[in-house]
Amino acid sequence: MVQWIAHYGCHFLLPLMVALIGFKSSWKMAYFVMLSAFVIDLDHFIATPIFDPDRCSIGFHPLHSWFAITFYVFLMLPKKSRLLAIGLVLHIISDAVDCSFM
């Protein structure tokens, strides 16, 4: 239960904190753009089984690979992609929190 709360708490609360602190005037838009980073979880559908509670996403799924994570970090450099990239990196951090319980 603690793992579930930590994992999903990070998925929803980290982007909210970043939006509220870093994007005060447009925090709602920033929050929803960062939440759109959940799209990288579509790579779970190509795994068998789709959900395995004992599997760490990082390094296993293609959009959670170290190559992809490096790409997400570099996406933070251009201003146009920064908000989505922050969401992607926060998503990976949230998954890393989940992996730390394994």
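Let's start with how α3 and α4 lie against each other in this predicted model. Helix α3 covers residues 66–74 and helix α4 covers residues 79–100. Two packed helices are described by the angle between their axes and the distance between the axes. For α3 and α4, the angle is about 140 degrees and the axes are 8 Å apart. Angles over 145 degrees would count as roughly antiparallel, so α3 and α4 are oblique to each other. The crossing that α3 makes with α4 is left-handed. If you look for the residues that touch, α3 brings Ile 69, Tyr 72 and Val 73, while α4 brings Ala 85, Leu 88, Val 89 and Ile 92. Sorted by class, that contact has seven nonpolar residues, and no polar or charged ones.

Now follow α4 to its meeting with another helix, α1. What angle do the axes of α1 and α4 make where they cross? The answer is roughly 160 degrees, and the axes come within 9 Å. That makes α1 and α4 roughly antiparallel, therefore a different label from the oblique one. The crossing of α1 past α4 is right-handed. On the α1 side, the contact is made by Gln 3, Ala 6, His 7, Cys 10, His 11, Leu 14, Pro 15 and Val 18. On the α4 side you'll find Ile 86, Leu 90, His 91, Ile 93, Ser 94, Asp 95, Val 97 and Asp 98. The mix here is nine nonpolar, five polar and two charged residues.

Let's zoom in on a few of those residues. Ser 94 sits in helix α4. Is Ser 94 buried or exposed? With a relative accessible area of 1%, Ser 94 is buried. Leaving out residues up to four places away in sequence, Ser 94 touches His 7, Cys 10, His 11 and Leu 14. His 91 is also a residue of α4, and at 3% relative accessibility His 91 counts as buried too. With the same sequence neighbors left out, the contacts of His 91 are His 11, Ala 37, Phe 38, Ile 40, Asp 41 and His 64.

Over in helix α1 there is Val 18. Val 18 is partly exposed, with a relative accessible area of 27%. Beyond residues up to four places away in sequence, Val 18 touches Phe 23, Met 34, Ile 86 and Leu 90. To get a feel for distance along the chain, compare Val 18 with Val 2: they are 16 residues apart in sequence and 23 Å apart in space, C-alpha to C-alpha.

That leaves α2, residues 27–35, whose buried residues are Ala 30, Tyr 31, Met 34 and Leu 35. They cover an arc of only 135 degrees around the axis, so they sit on the same side of α2. An α-helix has 3.6 residues a turn, so residues three or four places apart point the same way. The face of α2 turned away from its buried side carries the exposed residues Lys 28 and Phe 32. And what do the buried residues of α2 pack against? They pack against α1 (2–22) and α4.

Finally, look at α1 and α2 together. Their axes are 8 Å apart, at an angle of about 145 degrees, and their crossing is right-handed. From α1, the contact uses His 11, Phe 12, Pro 15, Leu 16, Val 18, Ala 19 and Leu 20, and from α2, Trp 27, Ala 30, Tyr 31, Met 34 and Leu 35. By class, this contact has eleven nonpolar residues, one polar and no charged.

Key. Residues numbered from 1 in each chain as written. Predicted model: local features only at pLDDT ≥ 70, side-chain atom pairs only at ≥ 80, totals over all residues. Heavy atoms only, no water. Axes fitted to C-alpha atoms, helices over the stretch in contact; angles between N-to-C directions. Helix = DSSP H or I, 4+ residues; strand = E, 2+ residues; numbered from the N terminus. Parallel < 35°, antiparallel > 145°, perpendicular 65-115°, else oblique. Left-handed = near helix turned anticlockwise from the far one by under 90°. Contact = heavy atoms within 4.5 Å. Nonpolar A, V, L, I, M, F, W, Y, C, P; charged D, E, K, R; others polar. Buried < 20%, exposed > 50% of the residue type's maximum accessible area, 1.4 Å probe, protein only. Arc of directions from axis to C-beta.
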